[in-house]
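User: Could you zoom in on one part of this model and walk me through how it's put together? A bit of wider context afterwards would help too.

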Amino acid sequence: MKILGGSQNAHVQNLNAYHVEGGLHLHPGQFSAADQSLHELLQPIEDASHTRDRKRSPPNSACARGTRIEVVEKVTTWTGSDVLDTDEPHILWMHGYVGSGKSAISQEVCDLSERQDKPVVSFFFFRNAGDRSKIWRLATTLASQMAAVIPETESFIRAAVKANPALLRSNEGGVSLRSRMHHLVYAPFKAAVQGGTGIRTPAHGPLVARMQRLMKKVARGPKTIAALSRGPFLIVLDGLDECDNKDEVQELIDGMVTFFDNNPFIPLRVFITSRVEQHIHSRLNVPGVRLENLVDHCSNDDISTFLEVLFENEERRNPVIQAYISEHGEWPITSDKRKLVEHIGGSFIFASTVFGFIMESTADDGSPTTPMDRLPLALKMSPGLDGLYTQTLARSENLPHFLDIISTIALLHRPLPTSGIAELLGLSTYEVVNILVNLQAIIQVPGTDDIPVTLFHTSLRDFLTTQSRSGRFLAHPRHHVRLYLRCVHCTLVHHRRDSAASLLSSEPTPAGAYAMHYHTDHLAAGEALFQLPELDFAIQTYRQALDLHPGTSYLIRSLAGVTHMRAKRAGSLVDFDAAISMYRELAGSLGSAYRHAVLTDLGYALLDRYQRTKIVADLEEAASMFREILEHLSSPDISRARTLARLGGALLEHHQRSGNMADLEQAISLLREALEIRSSRHPDLDRLSNLGLLGTVLEYRHARTGAVADLEEAISLHREALEMCPLPHPYRRYPLFNLAFALEKMYNETLALRHLQEAIPHLEELLEFHLFVGLHDRLWTQRRLASLLRMRSAATGQTEDLARIASLDAEARQLEEEEEGKEEEEGEGEEEEDECDAYGSEDDEEEDEEDEDEYGTCRSEDDDEEEEESCIESRTISKKSD
C-alpha cells in the first residue's frame with residue numbers, strides 16, 4: 001500500500017493517521033522524536049530552498065553569465081563581513097519592481113555561498129504554490145536546512161520540539177510564528193554558537209566592548225563551529241511579498257529585528273528580497289536594516305549581456321538560426337540588439353519573456369514562424385508586460401477550452417501537471433497541451449507529465465485576475481465555482497476508484513489530491529456566485545461519495561459546508577437542520593485541533609439559523625461553541641482574535657433579544673481584546689471587521705445609557721475603518737454605512753451641524769459608487785439621505801438642498817414601483833415568501849419593521865428604533881475573511 005507516494009502535504013509525526021482535507025497528517029504518538037531523523041521530524045518543504053529543481057518549482061531564475069556582478073558582489077561582501085569588526089546591520093532588504101531580477105540575485109547569492117563552502121539556508125516564497133505561499137512551515141524548513149549545514153544545532157532543535165511538540169504544527173494554530181522562529185531557528189543557533197560556554201551577549205552598556213573581545217577569543221578557541229570559520233551563517237528569504245500571511249510577515253520581521261537588537265554579535269545575516277509593499281516596508285525601513293534599491297543596479301549593460309548570452313546559447317542549438325547566419329551573416333544585427341535593449345528598459349522578466357516570444361515558432365495561427373520574422377514584432381510590442389501578455393495569449397484564444405484552461409492555471413492554489421489540469425477540467429491532456437504549446441514564452445510547460453505547469457512570473461497571475469489589465473482574458477471569479485464543482489467530481493471519482501472500506505487503500509491522482517485539499521478554498525472564493533442547481537449537484541455528489549465510504553470525516557464536513565451554503569441561499573430550514581446535525585456529529589467524534597474548526601462551522605450555522613428563526617437557543621449554543629474554543633486558545637494570535645470577535649457578535653445578537661446589559665459589557669471587553677491582538681500595526685480585514693463591530697456595540701450601549709463618550713468612540717472607530725478602505729476597496733461601503741448612521745445619531749444628540757455635514761457626503765458616495773440602480777439598499781439609502789438633507793435645510797434655513805431632495809424622492813418612488821411590479825410577477829407562492837424572508841423583504845419596511853439586508857445592515861424606518869439598530873455588516877466581513 002502506497003501512503004506517501006506523490007504526496008504534497010504529508011506530515012509524518014507518528015503512526016496515528018487521520019485524513020484531513022485530502023492530505024495525510026500523522027500526529028505525535030507511538031514514535032518519539034528520538035526515533036526519527038530530524039528531517040522526518042520537521043517535515044520541511046523540500047522545494048522551497050535554493051537547491052530545488054527550478055524547472056519543477058519556480059521561480060526558475062538565475063543570473064546569466066556576466067550579469068549582476070556588481071550587485072551580487074555588494075551582497076556577498078556584506079554577508080561575509082565579520083559581525084565583530086563592522087557596524088553593518090544583520091538584515092539586508094533588497095527591494096525592486098516586478099521583473100527586476102530579485103529571485104535571480106537571491107539564487108546567485110545562495111549558489112555562491114555554497115561554492116565558497118559558507119553556511120546558507122533559504123526559503124523562496126512563491127504565490128499560489130501550496131505551502132510555499134504560506135508562512136507556517138518556514139521555521140521547520142529553515143531549521144531542517146540549518147541542522148544540515150550546522151550539525152551542532154540539531155540537539156537544540158530536538159530539545160525545543162520535545163519541550164513543545166506544537167512547534168511542528170503546519171498551520172496557524174497553537175504557536176505563534178515569532179515563537180516558532182525563536183525556538184526552532186534563533187535559539188538553537190545561538191546555543192550552538194555559545195557552545196555551552198555560558199557566555200551571554202549584552203545589547204548595550206559598558207560590557208559591550210569587553211564582550212566583543214571575549215567573543216573573538218571564543219571564536220578562535222577549540223569550540224569554534226567549523227561551518228562558521230568561513231563567514232557568518234546566512235538566511236535568504238526571497239519573494240517575501242508573495243507570502244499570503246501579511247500579518248505574520250510583519251511578526252516575522254519584528255521578531256527578527258528584536259533578536260538582533262538583543263544579540264548584536266551573533267554571526268548571522270538575513271538577506272530579504274521583495275517588492276515594496278506597505279506591510280513589509282513599514283517594518284524593514286528601520287535603523288537596524290540595510291536597504292538596497294535594485295533599481296539602482298538595473299542597467300542596460302546588464303540587459304545587453306543577458307540577451308547576448310541567450311542569443312549565443314540559442315544559436316548553438318537552433319539549426320534555423322545557424323542556417324540564416326550562414327547565409328546572411330550576423331543575427332541579430334547590432335542596431336536591432338540596441339533597439340531591443342532600449343525597448344526592454346531594464347526589466348529582466350520582460351527581457352526573458354520577449355526572448356521566449358522571439359524564439360517560439362507556431363504554424364497554426366498564420367503568424368511568422370521563425371525567430372528572424374518575430375524579432376521585428378517584438379520591437380513593436382507595447383513596453384511592459386501587459387502588452388506582451390496580451391499578444392502572446394491572443395495566439396491561442398480561438399482554440400477550444402482556452403479561457404477554461406488559462407483561468408484554471410491562474411486560480412489554482414497549487415500548480416498541477418498537464419494531465420492533472422486535464423483531469424480536473426474533464427478534458428483530454430492533448431487539449432491542454434494544444435493551448436499551452438503556443439504560450440511557452442509566458443508559461444513554463446514541462447516536457448514530462450510529472451512536472452507541474454507553472455508561470456514564468458507571478459505578474460502573469462496578477463494580469464489575468466485584474467480586469468482592467470486583462471480585459472477579455474480575465475480569469476473571472478465565477479471560475480472558482482467551476483473549479484469547486486470539478487473538485488467535487490474528482491473527489492467522487494477517487495472514492496469510486498477506491499471502493500474498498502479504507503480511504504487510504506489507494507493513492508489519489510494529482511487532480512484528486514488537489515480536489516480533496518483545496519475544494520473549500522474555491523467554495524469560499526465563489527460563495528456569492530453559486531446558483532442553487534450547482535449547490536444541489538455538489539450535495540448529491542458528496543452523498544454518493546459517503547455512500548462509498550460512510551463516516552469519512554472530511555466528506556461529512558464538506559457535505560455540511562455546501563448544505564449550509566444552500567440553506568443560506570434558499571432560506572431552507574431543512575438544509576440548516578441537516579448541516580447543523582452533521583457538524584454536531586463531527587464535533588463529537590474528532591480530536592481537539594480539527595474539532596475547533598468544526599465547532600467554528602457549527603457556531604456560524606447556528607447563528608445563520610437564528611437569523612432565520614429567531615430561536616434564542618441557537619444563539620446561546622453558538623456562543624457556547626465560541627467560548628469552548630477560546631478556552632483552548634491562550635496564545636494572542638489571529639485564531640484567538642477571530643474567535644473573540646465571533647463571540648462578541650453573538651453576544652450582541654443576544655442583547656438585541658434579551659436587553660441584558662451584561663451581554664453588551666462582555667461583548668465590548670471581548671472586542672477590545674481582539675483589537676489589541678489585531679492592532680493598528682496589522683491593518684487587515686480582521687481589524688476592519690473588529691473596528692466596525694466594536695463601534696456598533698458601543699452605539700447600542702449609548703442607546704441604553706445615553707453616554708455620549710460611547711458614541712464619540714464609535715465614530716472614531718468607524719473613521720479608522722473608513723481610512724483603511726480607500727476607493728475602490730470592495731468593503732468600503734461597510735464603514736460608510738456605519739459612520740453615516742453614527743454621525744446622524746451624534747447630530748440628534750448635539751444638534752452640531754458639522755456631524756450632518758460629514759454624514760451627507762458618505763451617503764452620497766454610497767449612492768454614486770456602491771449601491772447601483774435597482775438594489776433594494778439604494779432605495780433605503782436614498783430615503784436616509786433625503787432625511788438628512790431635510791434636517792440640514794431645517795437647521796440652516798437654506799433651500800439649496802430642496803432640489804436634491806426632490807430628485808431623491810422621485811427616484812425612490814420609481815424604484816418602489818419597480819419593486820411592486822416585480823412582486824406582482826413573482827406571485828404570492830410560499831417558496832417566494834420563504835426566499836424573500838431569507839434575504840429581507842420590502843414589505844417589512846412598509847410595515848415599519850426592522851429589516852436586515854444582504855449586507856447585514858440592520859435598519860428601521862422608525863428613527864427611535866434606528867437609535868437601537870445600527871449597522872452590523874462588519875460581522876459579514878469577518879465571516880468572509882475566514
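Analyst: **The parallel sheet and what packs on it**

Strands S5 (residues 233-238) and S6 (residues 268-274) run parallel and are joined by five bridges. (Helices, H or I of at least four residues, and strands, E of at least two, are DSSP runs numbered from the N terminus; two strands pair if DSSP finds at least two bridges between them.) One of those bridges sets Ile 235 against Val 270 in S6.

Before going on, keep in mind that this is a predicted model, where local features need pLDDT of at least 70 and side-chain atom pairs count only at pLDDT 80 or more, while totals for chains, interfaces and linings use all residues. Residues are numbered from 1 along each chain as its sequence is written, and side-chain values use heavy atoms, with hydrogens and water left out.

Back to the sheet: it's an open one of five strands, with parallel pairing and the order S4-S5-S6-S3-S7. S4 (120-124) and S7 (289-293) sit at the edges with a single partner strand each, so one side of each has no neighbour in the sheet. On average, neighbouring strands are turned by 15° against each other, ignoring direction. (Axes are lines fitted to C-alpha atoms, for helices over the stretch in contact; angles run from 0 to 180 degrees between N-to-C directions.)

Helix H3 (residues 102-115) packs on this sheet and touches S3 (91-95), S4, S5 and S6, its direction making about 160° with that of S4. (Contact means heavy atoms within 4.5 Å.) Helix H4 (residues 138-149) packs on the sheet as well, touching S4 and S5, at about 155° to the direction of S4.

Leu 142 gives a residue-level view, since it lies in H4. Its relative accessibility is 1%, so it counts as buried. (Buried means under 20% relative accessible area, exposed over 50%, partly exposed in between, with a 1.4 Å probe and protein chains only.) Apart from neighbours within four places in sequence, Leu 142 contacts Val 121, Ser 122, Phe 123, Met 181, Val 185, Ile 235 and Leu 237. Ile 235 in that list is the bridge partner of Val 270. The C-alpha of Leu 142 is also 7.7 Å from that of Pro 44, although the two are 98 residues apart along the chain.

Now S4 itself. It runs parallel to S5, joined by five bridges, with Ser 122 opposite Val 236. What about its two faces? In a regular strand the side chains alternate between the two faces of the sheet. In S4, Val 120, Ser 122 and Phe 124 point one way while Val 121 and Phe 123 point the other, all of them buried. That's five buried residues out of five, so the strand is mostly covered.

The loop between H3 and S4 holds Asp 117, which has a positive phi, near 60°, without being a glycine. At 48% relative accessibility, Asp 117 counts as partly exposed.

For the wider setting, the protein has 39 helices and eleven strands, and 55% of its 882 residues are buried. Of the contacts with a separation of 6 or more, 69% link residues 24 or more positions apart.

The largest nonpolar core has 73 residues, with Tyr 484, Phe 530 and Val 562 making the most contacts inside it. (Such a core is a set of buried Ala, Val, Leu, Ile, Met, Phe, Trp, Tyr and Cys residues joined through side-chain atoms within 4.5 Å.) H26 gives the most to this core, nine residues. A second, separate core of 62 residues includes Phe 350, Ile 405, Val 445 and Ala 475.

H26 (residues 592-613) is also where Arg 609 sits, and this arginine is buried at 13% relative accessibility. Among the residues Arg 609 touches are Asp 577, Asp 618 and Lys 614. Lys 614 is in the loop between H26 and H27 (616-631); like Asp 117 it's a non-glycine with positive phi, here about 60°. It is partly exposed, with a relative accessible area of 36%.

Finally, two cis peptide bonds to look at: one joins Pro 58 and Pro 59, with omega about 5°, and another joins Trp 331 and Pro 332, with omega about -10°. Pro 59 is in the loop between H1 (38-42) and H2 (69-80), while Pro 332 is in the loop between H11 (319-328) and H12 (334-344).
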